[in-house]
Amino acid sequence: MRLLALDEVARGLDALADWRGKPSGSLRLTTFPYAARAIREPRLPRFLIDHPAVSVEVIVDDRLTDLVAAGFDAGSRFSESVERDMVAVRVGPDLRKVVVAIPDYFARHPRLDMPADLETHRCLNYRLVGEGGLLPWEFARDGRESGPR
């Protein structure tokens, strides 16, 4: 009798190991537009082909949604936007932002000598929808931050 029970346990463990190798269920993700285009879109079709038993719902939104409260399984954020109690995994390279202007603008306005000069120019900036503020200007030279923030 004891041997039969152990056989049953062994069969159950084998079945569990087989099940673990085949993900199934639903996955809810939230991401911002850039990550959706650059990271999710190129990889998601292959993931869905490799894991046909998984359904994926992706919400693309600029808001910094509370992942747990909103019922998400994972989300993409810039590293500085990740809460301390979350587990973060790098999914892409560091992004480099640049300040650009068309030549015609500088034909009518003084050129910039330093980042602080941006405060005297008309600039387009990115508004954080859920946060209500503008994305801060951040500059660095030789690894040191500087300029208007």
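This briefing describes the strand pairing, one loop and a surface patch of the structure above. The model is predicted. Strand β1 covers residues 25–31 and pairs in parallel with strand β2, residues 54–60. Strand β1 also runs parallel to β3, and β3 spans residues 74–75.

**Strands and their pairing**

- Seven bridges connect β1 with β2, and one residue involved is T30, whose bridge partner in β2 is I59.
- Between β1 and β3 there are two bridges; L29 has A74 as its bridge partner in β3.
- Helix α2 comprises residues 33–50 and forms, together with β1 and β2, a β-α-β unit that is right-handed.
- In a regular strand, side chains alternate between the two faces of the sheet.

**The loop between β3 and α3**

- Residue S76 is located in the loop that links β3 to α3.
- S76 counts as buried because its relative accessibility is 6%, and the limit for a buried residue is under 20%.
- Leaving aside residues up to four places away in sequence, S76 touches T30, T31, F32, A35 and R40.
- L95 also lies in the loop between β3 and α3, where α3 consists of residues 103–108.
- L95 has a relative accessible area of 38% and is therefore partly exposed, as this class lies between the limits of 20% and 50%.

**The surface patch**

- Y34, F78 and L95 make a nonpolar patch of about 260 Å² on the surface.
- The loop residue L95 thus belongs to this patch, whereas the loop residue S76 is buried.

Technical notes. Residues are numbered from 1 along each chain as its sequence is written. This is a predicted model: local features need pLDDT of at least 70, side-chain atom pairs count only at pLDDT 80 or more; totals for chains, interfaces and linings use all residues. Side-chain values use heavy atoms; hydrogens and water are left out. Patches are made of residues with over 30% relative accessible area and no salt bridge: like charges are joined within 9 Å, nonpolar side chains (Val, Leu, Ile, Met, Phe, Trp, Tyr) within 5 Å. Accessible areas come from the Shrake-Rupley method with a 1.4 Å probe; for residues, only the protein chains shown count as cover. A salt bridge is a side-chain nitrogen of Lys or Arg within 4 Å of a carboxyl oxygen of Asp or Glu. Helices (H or I, at least four residues) and strands (E, at least two) are DSSP runs, numbered from the N terminus. Buried means under 20% relative accessible area, exposed over 50%, partly exposed in between (1.4 Å probe, protein chains only). Contact means heavy atoms within 4.5 Å. Two strands pair if DSSP finds at least two bridges between them. A crossover is right-handed if, with the strands pointing away from the viewer, the path from the first strand over the helix to the second runs clockwise.
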